[in-house]
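Here are a few notes to read with the model open beside you. Take them one at a time and find each residue as you go.

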Amino acid sequence: MIDRDILIQRAMENLSGDDLIIDSSIAGLIDHTLLRPDATEGDIIHLCEEAKNYGFFGVCVQPYWVPLAHRLLKYSNVKVITVCGFPDGANITDVKVQEARMANIQGADEIDMVMNIGAFKSGDFSIVVDDIKKVKRALRPGTILKVIIETPLLTEEEIIKASILAKEGGADFVKTGTGRVGAVKVRDVEVIKKAVDIPVKAAGGIRTMGFASELLKAGAERLGTSGSIRVAST
């Protein structure tokens, strides 16, 4: 295994040659995301160094990488974010609870939890709410819980209902999607904002500053993207 200090040095060398101008007002709202299953230790180190260098709000990584991200970012303002029940939301509640609790203990500041989409589509709304409530109760005070409702799979009426259930379950944010089944639409954000009075994280297919600006104008308070540098570059 390559020494971690060498990996960090390489990451900084790769960043040092950039002549980018970053819009800090947008960068500070971005969760710099790397959820690919083939991401390596070196990739995560580079992600964290980019987040510190460019002033992103946080990094969003798979649960396995939370301890590493926490070590790399603990003396910075960058938050560590991870996923729970990712990407389908179909894990049983006890599994989601344990996954979220362990990630929190290992250093995650925020949890992006996938709603039980199958239960929702089946009309089992009490199960959806209970799922969220139990995960929320498992977290340390001050930990942010975002509930991913996967808008590309929902009608507008379902987006409204799912947003209401997420808030009822104790979500601090409604997040539009995982990015695995389709891109977010500006209309998705508008519908969520009309349905509930909690913040919205838009995610999925955000690749340009123009689109990011449209989502923010529609009411999104946070953006999740793996194209963070391109999105925040002027």
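1. Let's start with A220. Setting aside neighbours within four places in sequence, A220 is in contact with V189, V200, A202 and L215. Keep in mind that this is a predicted model.

2. Where does A220 sit? Look in the loop between α10 (209-218) and β8 (222-225). Is A220 buried or exposed? With a relative accessible area of 7%, A220 falls under the 20% cut-off, so A220 counts as buried. If you want a sense of distance, pick I21: it lies 199 residues away from A220 along the chain, and their C-alpha atoms are separated by 23 Å.

3. Now for the nonpolar core. As background, nonpolar side chains tend to be buried together in soluble globular proteins. Here the largest nonpolar core has 74 residues, and V59, I149, I206 and L215 have the most contacts inside it. Helix α3 (residues 41-54) gives this core its largest share, six residues.

4. I206 is worth a click. Not counting residues up to four places away in sequence, I206 touches V184, F211, A212, L215, L223, G224, T225 and V231. You'll recognise L215 in that list, since A220 is in contact with L215 too.

5. Next, helix α8 (residues 156-169). It has 14 residues and reaches 20 Å from its first C-alpha to its last, close to the 20 Å expected at 1.5 Å a residue. Right after α8 comes G170, whose phi is positive, near 105°.

6. Which residues of α8 are buried? They are I159, A162, S163, L165, A166 and G169. These buried residues cover an arc of only 165° around the axis, so they lie on the same side of α8. The general idea is that an α-helix has 3.6 residues a turn, so residues three or four places apart point the same way. As for what covers the buried residues of α8, the elements include α6 (117-121), α7 (125-138), β5 (144-148), β6 (173-175) and α9 (186-195).

7. Last, the cysteines. How many disulfides does the structure hold? Zero. C60 is in no disulfide, and its nearest cysteine sulfur, that of C48, is 11 Å away. C84 is in no disulfide either; the nearest cysteine sulfur to C84 is that of C60, 12 Å away. C60 counts as buried because its relative accessibility is 0%, and C84 counts as buried at 1%.

Notes: Residues numbered from 1 in each chain as written. Predicted model: local features only at pLDDT ≥ 70, side-chain atom pairs only at ≥ 80, totals over all residues. Heavy atoms only, no water. Disulfide = S-S within 2.5 Å. Buried < 20%, exposed > 50% of the residue type's maximum accessible area, 1.4 Å probe, protein only. Helix = DSSP H or I, 4+ residues; strand = E, 2+ residues; numbered from the N terminus. Expected span 1.5 Å × (residues − 1). Arc of directions from axis to C-beta. Contact = heavy atoms within 4.5 Å. Core = buried A, V, L, I, M, F, W, Y, C linked by side-chain atoms within 4.5 Å.
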